[in-house]
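This report describes aromatic pairing, the nonpolar core and helix packing. The model is shown below.

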Amino acid sequence: MAIRKSNKLPQHAVVLKQILKRCSSLGKKHGYDDADDGLPVDVPKGHFAVYVGENRSRYIVPISFLAHPQFQSLLRQAEEEFGFDHDMGLTIPCEEVVFRSLTSSIMR
């Protein structure tokens with residue numbers, strides 16, 4: 001019996017792809033340069049913007065963070081608290097100091 005390889009992405013990969021597509025489309029709504037790919041000019045390729053903390057400070061993080069279990073946990077919390085269907089961008093529900101600590105530990 002042969003095993004067929006599925007072309008379908010795992011459910012979490014589909015959700016992450018939707019998040020990235022949504023984040024990249026936000027640049028168009030906020031007047032960013034739309035010359036090449038619709039991404040904000042200050043977000044390098046392979047990165048995306050998130051908003052963190054009470055003041056909604058903006059951070060640019062690498063897409064590779066999406067594979068990290070602790071970052072995925074933050075994304076699940078963001079979905080539960082804010083949902084992904086709003087114009088604010090991807091908002092992470094934690095304090096900035098916690099977010100910076102998490103991202104610095106992921107970068108190591």
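## Aromatic pairs

Searching the whole structure yields 4 aromatic pairs (rings of Phe, Tyr and Trp, the last by its six-membered ring, with centres within 6.5 Å; stacked under 30 degrees between planes, edge-to-face over 60, the rest tilted). Phe-48 and Phe-71 pair edge-to-face, with 6.2 Å centre to centre and 80° between the planes. This pair joins distant parts of the chain, Phe-48 lying in strand E1 and Phe-71 in helix H2, 23 residues apart. Helices (H or I, at least four residues) and strands (E, at least two) are DSSP runs numbered from the N terminus.

Phe-48 is buried at 3% relative accessibility, and Phe-71 is buried at 0% (buried: under 20% relative accessible area; exposed: over 50%; partly exposed in between; 1.4 Å probe, protein chains only). Ring pairs connect Phe-48, Tyr-59, Phe-65, Phe-71 and Phe-99 in a cluster.

## Nonpolar core

The largest nonpolar core (buried Ala, Val, Leu, Ile, Met, Phe, Trp, Tyr and Cys joined through side-chain atoms within 4.5 Å) has 16 residues, and Val-50, Phe-71, Ile-92 and Phe-99 have the most contacts inside it. Strands E1 (47-52) and E2 (57-62), with H2 and H3, each give two or more residues to this core.

## Helix packing

The axes of H2 (residues 69-81) and H3 (residues 96-107) come within 10 Å and cross at roughly 145° (lines fitted to C-alpha atoms over the stretch in contact; angles from 0 to 180 degrees between N-to-C directions).

## Basis

The model is predicted: local features need pLDDT of at least 70 and side-chain atom pairs pLDDT 80 or more, while totals for chains, interfaces and linings use all residues. Residues are numbered from 1 along each chain as its sequence is written, and side-chain values use heavy atoms, leaving out hydrogens and water.
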